[in-house]
Amino acid sequence: MKARVHVMLKTGVLDPQGEAVRHALGAMGFEGVTGVRQGKVIELDLAEGVTEADVREMCEKLLANTVIESYTVDMG
Amino acid sequence: MRAAVVVFPGSNCDRDLAVAFRAAGAHVTMVWHKDTTLPDGIDLVGIPGGFSYGDYLRCGAIAAQSPICRAVRAHVDRGGYAFGVCNGFQVLAETGILPGALLRNAGLKYICKTVDLRVQTSSSAFTGAYNAGDVIGIPIAHHDGNYFADPETLTALNDQDRVAFRYVGNPNGSVGDIAGILSENRRVLGMMPHPERAADAGHGGTDGAALFRGLVGALAPA
């Protein structure tokens, strides 16, 4: 089984990389992009019996820094 | 004073930190990230600058989970002193020993230059040899030094006089120009600038030397 963890900077935390991407898109002529937020995806290969609760604990303790980041977990 | 300096894979300021402590009169022992205990009788743990574990995942995140960091946490919980510089500050933030987090610099660039810092408080063993309001020139060298904390944390840091240093002219976007903060018991300091790189005339500046001198003086056995 796989789990896919999405980690994003929280709303209100400045994302200078996303902002640089937004700026570049505008400079390339792509119009109408009013905001870009950049995050990361972490894929976990899991043995039988590992639960979503286990993955959430991994997020809380290591995969995300909840001071600045939020995360979502997709199982399967 | 007896100090231990932690060495992670990727640390690159560990010897600089040890040299600065020794020059100020401290006895220094190096400890490895896989060690599970600190040497007996240690007063202070130094967590040096560098790129621990290649900055993988987040700066300091893997180091914060290392065996030695569990010992550092126990040392701090006992009331021991700790000093994190640059990556060491990031490690202390990732462990939760210090509040907040260090984000990518607002300008996205790695910055390596000497900056002016204002000493915000002289009320700590780290800053006692300075006067509040002193402006000192200390090098920075970081890509992720943009200090962030939520408004409640910032209020607490300000109300409790726990901001040790602020940038004069903010190089990296840090909230409140914060360059270094103290723990609630004022025995842990984390800062992005490198005082150990301004501690000898050969460095081109000696404004950081007072931090080490003051610390060793404050922690010397009575």
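Colleague: Let's start small: which residue in β2(A) does K2(A) stand opposite?

Modeller: That would be D45(A). Keep in mind that we're looking at a predicted model.

Colleague: Okay, and how many bridges hold the pairing of β1 and β2 in chain A?

Modeller: General idea to begin with: strands in a sheet pair through backbone hydrogen bonds, and they do that either parallel or antiparallel. Here, β1(A), residues 2–9, and β2(A) go the antiparallel way, over 6 bridges.

Colleague: In what order do the strands of chain A's sheet come?

Modeller: Read across, you get β2-β1-β3, 3 strands in an open, antiparallel sheet. The edges are β2 (40–45) and β3 (69–75), each pairing on one side only. On average, neighbours in this sheet are turned by 20° against each other, ignoring direction.

Colleague: What lies across those strands?

Modeller: Helix α2 of chain A, residues 52–63, lies across β1, β2 and β3, and runs at about 155° to β3(A).

Colleague: Now chain B. What kind of pairing does its 9-strand sheet have?

Modeller: Mixed, in an open sheet ordered β2-β1-β3-β4-β11-β10-β9-β6-β7.

Colleague: Why is one side of β2 and of β7 left without a neighbour there?

Modeller: Because β2 (27–32) and β7 (135–142) of chain B stand at the edges with a single partner strand each. The average turn between neighbouring strands in this sheet is 20°, direction ignored.

Colleague: And in which sense do β4 and β11 of chain B pair, parallel or antiparallel?

Modeller: Parallel: β4(B), residues 81–85, and β11(B), residues 188–191, share 4 bridges. To find the register, look at F83(B), whose bridge partner in β11(B) is L189(B).

Conventions
Residues are numbered from 1 along each chain as its sequence is written. Chains are lettered from A and ligands numbered from 1 in the order in which they are written. This is a predicted model: local features need pLDDT of at least 70, side-chain atom pairs count only at pLDDT 80 or more; totals for chains, interfaces and linings use all residues. Two strands pair if DSSP finds at least two bridges between them. Helices (H or I, at least four residues) and strands (E, at least two) are DSSP runs, numbered from the N terminus. Axes are lines fitted to C-alpha atoms, for helices over the stretch in contact, and angles run from 0 to 180 degrees between N-to-C directions. Two residues are in contact if their C-beta atoms, placed from the backbone, lie within 7 Å.
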